[in-house]
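Trainee: I am new to this structure and would like to know what the terms rest on. Can we go through them one by one?

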Amino acid sequence: MKLSDYPVHTLMEVTARPPIVFVRGAGSWLWDSEGRRYLDFVQGWAVNALGHSPEAVVRALATQAATLINCSPAFYNETSVRLASLISSNSAFDRVFFANSGAEANEGAIKLARKWGSLHKGGAYEIVTFESAFHGRTLATMAASKKPGWDTLFEPKVPGFPTATLNDIDSVARAIGDRTVAVMIEPIQGEAGVMPATTAFLRALRDLTRERDLLLIVDEIQTGIGRTGTLFGYEHAGIRPDIMTLGKGIGGGVPLAALCATDAVSCFAHGDQGGTFNGNPLATAAGCAVMETVLAPGFLEGVTERGRYLAASLARLGARHGLGDVRGQGLLLAIDLRRDIGTKVVEVARDRGLLLNSPRPNALRFMPALNVGFDEIDRMIGTLDEILAELGRE
Ligand code: PLP
């Protein structure tokens, strides 16, 4: 079927979509309705941790769908308890609240910090966030985000999110006041173009927040579940945050997110937090399948190995075409194109059956499946090499 055969105008127009309808996916590959195949280095923006329709997730969903899809979050269900304990026993956090999107998990983190502030810090509610941060698209998470251009959208803003500069600890100290309750940070700012917080900065931030009796919230929606080569991004810095949010990769493509907190901070009273679909058996069964796969011996080492291979391949490509630095960690990487050709590269690549992402006009971001093949990395690099050579000649 062609695009014109589909009533696409019935979808609300919230983004410029290319004229393609995807109908099937397997591993690192997608197929459109006309039978064309695409090598996918976007994977739903780092969502498909194990690639498209991975066997472990498909099997878990099929079994769970035939067993129990939803029994209401007002009851315990087996898979949500199993997933919460898998997260808790492999992280710095004791308790988990499941959500349906990253923004909802972050909204929950903001609520939890404000609740803790009301109980322990005289009603302090401000959460320091960072320039260019991205925390989601609900009203509070848009206010917490510092995406250029968002400051004037959907007024009035939810108050309480003073701004600091990434990797500048003095700017955080300046942003902290009497009403501050927490600092929220992405270990690597993904949407901003893969901008890592340095280890020294994350450690200084942990020290500063402890000294000032503030909560440290890590938004690991993009960096969590093995994306950077450790289960969670904060592990690279050897710190223990108070609150963590997860999304994207945790469901392997199925809508699932999580708000995780230490016992000391888990202060919601009955009725403070909830939601119809939260922690449903179907989504958390997918989450268990993803976590069990990522925790299997050797998997995370494989992510690190693939990340190094991709980074080295990108660095060689960069040297051939006069590009800038490769940044990021594990399989969340970006290359500085040194020119505003990102959109053009993405379009030409798509025409050649390669899906790439350009989060900034001068950068490409790579977030393939965590089990991407080395041959698939070579293939992506080969196509990109040809495209850059052609654009260089223009
Ligand atoms: N936080 C970070 C760091 C993200 O990268 C994203 C999505 O890109 C979100 C929050 C929002 O997640 P969702 O789109 O699932 O609401």
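Mentor: We can start with the shell around the ligand, whose residues divide into 3 nonpolar, 6 polar and 4 charged. Ala, Val, Leu, Ile, Met, Phe, Trp, Tyr, Cys and Pro count as nonpolar, Asp, Glu, Lys and Arg as charged, and the others, Gly among them, as polar. This is a predicted model, where local features need pLDDT of at least 70 and side-chain atom pairs count only at pLDDT 80 or more, while totals for chains, interfaces and linings use all residues. Residues are numbered from 1 along each chain as its sequence is written, and side-chain values use heavy atoms, with hydrogens and water left out.

Trainee: Which residues are the closest to the ligand?

Mentor: Of the 13 residues that surround the ligand, the closest are Gly102, Ala103, Asp219, Gln222 and Lys248. A residue is near a molecule if one of its heavy atoms lies within 4 Å of it.

Trainee: What makes the pair of Asp219 and the ligand a polar contact?

Mentor: A polar contact is a pair of N or O atoms within 3.5 Å; within protein, one must be able to donate a hydrogen and the other to accept it, and residues adjacent in sequence count only if both atoms are side-chain atoms. An N or O atom in the side chain of Asp219 is 2.7 Å from a nitrogen atom of the ligand, so the pair qualifies. For Lys248, a side-chain N or O atom is 3.0 Å from an oxygen atom of the ligand.

Trainee: Why is His135 called buried?

Mentor: Buried means under 20% relative accessible area, exposed over 50%, and partly exposed in between (1.4 Å probe, protein chains only). His135 has a relative accessible area of 2%, so it is buried. The side chain of His135 also makes a polar contact with the side chain of Asp219, at 2.8 Å.

Trainee: Why does Leu68 count as partly exposed?

Mentor: The relative accessibility of Leu68 is 34%, which lies in between those two limits, so Leu68 is partly exposed. Leu68 is found in the loop between helix 2 (55-67) and helix 3 (78-89). Helices are DSSP runs (H or I, at least four residues), numbered from the N terminus.

Trainee: Which residues is Leu68 in contact with, leaving aside its neighbours within four places in sequence?

Mentor: They are Pro281 and Leu282, where contact means heavy atoms within 4.5 Å. Leu68 and Pro281 are 213 residues apart in sequence, and their C-alpha atoms are 6.5 Å apart in space.

Terms used: Helices (H or I, at least four residues) and strands (E, at least two) are DSSP runs, numbered from the N terminus.
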